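Biologist: Hi! Could you pull up the model so we can talk it through together?

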Amino acid sequence: MIEVSGLRKSFSVGKRGKTREVDAVRGVDLSVGEGEVFGFLGPNGAGKTTTLRMLCTLLEPDGGTVTIAGADLRREPGLVRRRVGYVAQGGTTTDEVTGREELVLQARMYGIGKAEAVERTEQALVAFELADFADRLCRTYSGGQRRRVDIAMGIIHRPRVLFLDEPTTGLDPQSRAHLWDEVRRLRDEGMTVFLTTHYLDEADALCDRIAIIDHGEVVAGGTPAQLKHEVAGDVVTVGVNGSGPRARELFGDRPYVRKLDLDERGGLRLYVDDATTAMPQIMRALDADDIAFDTLELHRPSLDDVFLIKTGRSLRDK
Amino acid sequence: MKFLRDTWLVYQRQMLLVLRTPARLVIGFVQPITYLVLFAPLLKTALAPTGATTYAEAYRVYVPGLLVVLVLLSGFFAGFGLLAELRSGVIERSRVTPVSRPALILGRAFSEVTTLMGQAVVITVIALPFGLSVNVGWLLLAYLMLALMALMACALSYAMAMLIPSPAALGPIINAVSQPLSLLSGVLLPLTLAPAWLVGIAEWNPIYWTTNGTRALFTGSPGDPVVWQGMLIVIALAALSVFWATRMFARQIR
């Protein structure tokens with residue numbers, strides 16, 4: 001549904017005469033299948049929004065080829081516009097008009113006739129549970145209500161792909177869960193959804209596949225499960241207090257440890273293939289070397305582990 | 001056809017927003033009405049050298065100038081509204097649709113022009129009890145000229161906003177352009193009172209001609225050549241400005 005190859009964009013920043021080029025997106029390749037929820041994950045400033053804006057025809061790419069829903073982004077931007085929907089970060093509802101007015105206008109912007117626009121608005125109000133407040137001014141809406149109007153506007157022309165830029169940023173947990181359900185419902189109806197997020201749990205819970213972007217480059221891609229497996233089967237965290245460096249040395253060359261690092265709280269994280277066989281060996285090794293430990297935790301790797309390994313930084317630190 | 005439909009769509013939306021925020025309309029009135037009530041009464045004596053000896057005559061000279069200032073200055077500030085809308089993402093939401101790009105600009109400009117003309121009518125009506133009297137036919141022609149001036153000012157302002165997309169930098173530049181442009185067209189007092197060198201400069205200012213044209217229509221001399229000269233000039237300027245603004249918009253905003 002979306003094929004991206006070698007997508008590039010740079011901006012010139014600075015004052016006249018002293019400009020310098022900043023590569024915001026440097027050669028992104030992506031492939032998104034029909035009916036997928038695809039997550040584009042990365043810290044702020046990684047190039048997520050720039051990529052998204054290029055895919056939605058808002059920004060002209062410097063290079064690369066993009067095909068979306070059978071249309072070439074550069075040669076047929078008009079066709080792309082008809083086939084994709086876009087919901088900007090933070091939303092665009094206007095205070096002084098009602099949700100219903102917003103939806104009718106957006107439908108009309110896509111060239112839909114008046115009667116048809118009213119009809120589609122009616123359907124969208126029901127589908128997104130907006131009917132109760134559709135005739136109140138947007139000024140009175142909650143953040144979650146506004147976001148649902150935004151998404152309803154994004155699909156009013158029945159696109160095949162919906163782009164959501166950080167759809168749940170700034171929402172309370174309940175609205176967030178509600179929005180996830182909306183996205184799942186759209187997917188079940190056959191829509192391809194491409195969303196950016198810097199929430200790992202969101203990518204994990206909602207997305208069929210994800211790509212991790214950092215410094216304008218895709219550093220990893222796959223299903224959340226694949227990515228986590230790629231990192232390691234399991235993660236064992238040993239609370240070794242002050243003996244961190246010694247413990248690190250101890251496990252550095254053990255064949256059952258794929259990778260290890262020390263976290264900021266003095267815990268040693270060991271990435272192992274299979275915790276059931278590794279745990280006894282870890283305990284025996286600690287015992288033999290007389291390293292005291294107060295906790296021993298086993299957990300499945302999270303996307304944060306993936307991010308940490310791929311980029312060398314924790315996303316949560318942001 | 002699509003272009004006309006889309007322009008109408010954008011226009012309707014912008015007019016809806018104007019009607020939903022009446023406070024903005026009222027603010028637009030305050031200054032012209034203040035001038036009308038507190039400054040214009042001085043003019044009977046001040047304009048005596050031009051032959052205006054009654055309040056009615058003074059208002060026929062002053063009101064058209066006031067309306068020119070209204071449409072020019074308010075029109076020149078339309079670019080700020082555009083920048084705000086660009087920033088808020090409202091325009092971006094339209095840009096992901098296949099809506100006509102010139103329509104996004106023109107629908108907005110026409111809505112500004114409509115608002116300004118509404119204000120112009122109210123100011124004219126308020127001036128009536130002060131003794132303003134003017135032929136309705138010539139008044140309508142004068143309104144047409146003012147509307148074209150408003151369109152020109154809006155379009156210029158949009159184009160400048162595209163060139164200088166920072167409100168902080170745009171403000172001084174717009175002031176620097178609009179102040180001499182309006183003063184050099186004799187909007188406060190007709191330049192018939194001015195020394196020759198000032199008139200010499202003003203004659204290079206196209207707004208001088210359109211202001212004089214509007215004033216000639218108000219004072220009941222539609223046969224004055226400055227009427228058709230001013231009309232031609234303002235038509236040409238409005239067309240050029242609109243062309244420039246839509247081009248800049250299409251290029252900068254896509």
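Modeller: Here it is, a predicted model, and we can go through the sheets, the helices and the chain contact in turn.

Biologist: Great, let's start with chain A. What is the strand order in the six-stranded sheet, and how is it paired?

Modeller: The order is β6-β7-β8-β3-β9-β10 in chain A, in an open sheet with mixed pairing. At the edges sit β6 (84–87) and β10 (217–222) of chain A, each pairing on one side only. On average, neighbouring strands of this sheet are turned by 15° against each other, direction ignored.

Biologist: And how do β9(A) and β10(A) pair?

Modeller: Strand β9 (residues 209–214) of chain A pairs with β10(A) in the antiparallel sense, over five bridges. D214(A) stands opposite E217(A) in β10(A) there.

Biologist: Which strands of chain A does α6(A) lie across?

Modeller: α6(A) lies across β3 (37–41), β7 (161–165) and β8 (192–197) of chain A, and runs at about 150° to β8(A). It also has a helix partner: α5 (residues 143–154) of chain A and α6 (residues 173–188) of chain A pack at an angle of about 15°, with their axes 10 Å apart.

Biologist: Are those two roughly parallel or antiparallel?

Modeller: Roughly parallel, since angles under 35 degrees count that way. Their crossing is right-handed.

Biologist: Which residues make that contact?

Modeller: From α5(A) there are G143(A), G144(A), R147(A), R148(A) and I151(A), and from α6(A) there are S175(A), H178(A), L179(A) and E182(A). By class, the contact of α5(A) with α6(A) has two nonpolar, four polar and three charged residues.

Biologist: Switching to the four-stranded sheet in chain A: what's its order?

Modeller: It is an open sheet with the order β12-β13-β11-β14, and the pairing is antiparallel. The edge strands, β12 and β14 (295–299) of chain A, each pair on one side only. From one strand to the next, the twist averages 20°.

Biologist: How many residues sit between β12(A) and β13(A) in the hairpin?

Modeller: Four, and G266(A) in the turn has a positive phi of about 85°. The two strands, β12 (residues 257–262) and β13 (residues 267–272) of chain A, run antiparallel and are joined by five bridges. Within that pair, K259(A) stands opposite Y271(A) in β13(A).

Biologist: And what is the bridge partner of G239(A) in β14(A)?

Modeller: That's T295(A). Five bridges link β11 (residues 234–239) of chain A with β14(A), and these strands run antiparallel.

Biologist: Which strands does helix α9 of chain A touch when it packs on the sheet?

Modeller: Helix α9 (residues 244–251) of chain A touches β11, β12 and β13 of chain A, and its direction makes about 170° with that of β12(A). Helix α10 (residues 275–288) of chain A lies across β11, β13 and β14 of chain A, running at about 25° to β11(A).

Biologist: Over to chain B. Where does UniProt place the "transmembrane region" feature?

Modeller: The unreviewed UniProt entry gives residues 21–42, 62–84, 105–130, 136–160, 181–202 and 226–245 of chain B. In the model, residues 136–160 of chain B are 100% helix and 0% strand, with end C-alpha atoms 36 Å apart. Residues 21–42 of chain B are 82% helix and 0% strand, and their end C-alpha atoms lie 34 Å apart.

Biologist: How do α8 and α11 of chain B cross?

Modeller: The axes of α8 (residues 136–163) and α11 (residues 206–218) of chain B come within 8 Å and cross at roughly 160°. That makes α8(B) roughly antiparallel to α11(B). The crossing is left-handed.

Biologist: What residues meet there?

Modeller: W138(B), L141(B), A142(B), M145(B), L146(B) and M149(B) in α8(B) meet T210(B), G213(B), T214(B), L217(B) and F218(B) in α11(B). By class that is eight nonpolar, three polar and no charged residues.

Biologist: Last one: how many residues of chain A are in contact with chain B?

Modeller: 19 residues of chain A are in contact with 18 residues of chain B. On the chain A side, α2 (77–83) and α3 (99–109) are the elements that give two or more residues. That side divides into eight nonpolar, six polar and five charged residues.

Terms used. Residues are numbered from 1 along each chain as its sequence is written. Chains are lettered from A and ligands numbered from 1 in the order in which they are written. This is a predicted model: local features need pLDDT of at least 70, side-chain atom pairs count only at pLDDT 80 or more; totals for chains, interfaces and linings use all residues. Axes are lines fitted to C-alpha atoms, for helices over the stretch in contact, and angles run from 0 to 180 degrees between N-to-C directions. Angles under 35 degrees count as roughly parallel, over 145 as roughly antiparallel, 65 to 115 as roughly perpendicular and the rest as oblique. A crossing is left-handed if the near helix is turned anticlockwise from the far one by less than a right angle, and right-handed if clockwise. Two residues are in contact if their C-beta atoms, placed from the backbone, lie within 7 Å. Ala, Val, Leu, Ile, Met, Phe, Trp, Tyr, Cys and Pro count as nonpolar, Asp, Glu, Lys and Arg as charged, and the others, Gly among them, as polar. UniProt positions are given in the numbering used here, feature names are shortened, and annotations may be inferred rather than shown by experiment. Two strands pair if DSSP finds at least two bridges between them.
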